[in-house]
Amino acid sequence: MSTHIGAAPGQVADTVLLPGDPLRAQWIAQTYLRDVECYSSVRNMLGFTGTYGDRRISVQGTGMGHPSLAIYATELMADYGVRTLVRVGSCGALSERLAVRDVVLAITASTDSAMNRIRFEGFDYAPAADFGLLRTAADVARERELPIHVAGVASIDSFYSDRPELLLRLADYGVVAVDMETNMLYTLAAKFDARALTVLTVSDHIRTGEATTAQERERTFTAMAELALETVTA
Ligand SMILES: O=P(O)(O)O[C@H]1O[C@H](CO)[C@@H](O)[C@H]1O
Ligand SMILES: O=c1cc[nH]c(=O)[nH]1
């Protein structure tokens, strides 16, 4: 096992869905996968492997924010050989074009996190989604007649921001929503020469205050889960 994932070699599939919420991981595994095994409950950050169609897929909670995501993504790629990572997360909408429960494919993620500024000694690195996964996800969405927004997001360190006006300025520059992990996921996937994509569901709207409940964020974002599963098995 690795430091934070209690799986034996081979228990984690080469393709992993990554919700921040470990209970969303459990819901996805129990709802969509067959022959499900829980391979890790270390720190209650649950991880499962099962079968979708004829493919082995894992679902691993990452926790919230770049530092936590970085631990799980690094161990999945470095210790378990994971090659495809698709984040299935919630986000706060900044753009007036987005509505609660809309689905977003993140092309890139800006950030206020210092992690990459330290990594690149002040240079502004621009992490990007894997184009093949992004294109497949867009194709699958079109086949399923699922409306999507394909755009840049921002991964913000502070869920409770003291600078809401800064978030709205980002919207003026085409950033449609905020999460807390995508920038680091795309960065680390590039480092390990793996493929990554973030699929998000709008859980709340920062302009209007409309919001879903914690339970809805855990177990009702079906369009996102199905799009991610169909994309990695297409
Ligand atoms: O629903 P998840 O995947 O956790 O994603 C979003 O929700 C959390 C904040 O509530 C952050 O992790 C943010 O990125
Ligand atoms: O990171 C997030 C996720 C959902 N809503 C937010 O406002 N921020």
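Me: What makes up the shell around ligand 1, by residue class?
Reply: In this predicted model, the shell around ligand 1 divides into four nonpolar, three polar and four charged residues. The residues in question are Pro19, Gly20, Asp21, Met64, Gly89, Ser90, Phe159, Asp179, Met180, Glu181 and Arg217. Gly counts as polar here, so Gly20 and Gly89 fall in that class.

Me: Which residues surround ligand 2, and how do they divide by class?
Reply: Around ligand 2 are Ser90, Cys91, Gly92, Phe159, Val178, Asp179, Met180, Ser203, Asp204 and Ile206. They divide into five nonpolar, three polar and two charged. Cys counts as nonpolar, so Cys91 is placed in that class.

Me: Which strand gives the most to the shell around ligand 2?
Reply: β5 does, with three residues. β5 (84–93), β8 (175–179) and β9 (195–205) each supply at least two residues of that shell.

Me: Why are α4 and α8 called oblique to each other?
Reply: Helix α4 (residues 131–143) and helix α8 (residues 222–232) pack at an angle of about 120°. The roughly perpendicular range runs from 65 to 115 degrees and roughly antiparallel begins over 145. The angle of about 120° falls in neither range, and α4 and α8 are therefore oblique. Their axes are 9 Å apart, and the crossing is right-handed.

Me: Which residues make the contact of α4 with α8?
Reply: From α4 come Leu133, Thr136, Ala137, Val140 and Ala141, which meet Leu227, Glu230 and Thr231 in α8. By class, this contact has five nonpolar, two polar and one charged residues.

Me: Which residues of α1 are buried, and what do they pack against?
Reply: In α1 (residues 22–32), Pro22, Arg24, Ala25, Gln26, Ile28 and Ala29 are buried. To be called buried, a residue needs 20 or more other C-beta atoms within 10 Å of its own. The buried residues of α1 pack against β1 (15–18), β2 (34–40), β3 (47–52), β4 (55–60), α7 (214–219) and α8.

Me: Why does Glu145 count as exposed or buried?
Reply: Glu145 has 6 C-beta neighbours inside 10 Å. The cut-off for exposed is 12 or fewer, so Glu145 counts as exposed. Glu145 lies in the loop between α4 and β7 (148–155).

Me: What is the phi of Glu145, and what is that of Asp193?
Reply: Phi of Glu145 is near 55°, a positive value in a residue other than glycine. Asp193 has a positive phi of about 55° and is not a glycine either. Most residues other than glycine have a negative phi.

Me: How do you know whether Asp193 is buried or exposed?
Reply: Asp193 has 8 other C-beta atoms within 10 Å. With the limit for exposed at 12 or fewer, Asp193 is therefore exposed. Asp193 is found in the loop between α6 (182–191) and β9.

Conventions: Residues are numbered from 1 along each chain as its sequence is written. Chains are lettered from A and ligands numbered from 1 in the order in which they are written. This is a predicted model: local features need pLDDT of at least 70, side-chain atom pairs count only at pLDDT 80 or more; totals for chains, interfaces and linings use all residues. Axes are lines fitted to C-alpha atoms, for helices over the stretch in contact, and angles run from 0 to 180 degrees between N-to-C directions. Helices (H or I, at least four residues) and strands (E, at least two) are DSSP runs, numbered from the N terminus. Angles under 35 degrees count as roughly parallel, over 145 as roughly antiparallel, 65 to 115 as roughly perpendicular and the rest as oblique. A crossing is left-handed if the near helix is turned anticlockwise from the far one by less than a right angle, and right-handed if clockwise. Two residues are in contact if their C-beta atoms, placed from the backbone, lie within 7 Å. A residue is near a molecule or strand if its C-beta atom, placed from the backbone, lies within 6 Å of it.
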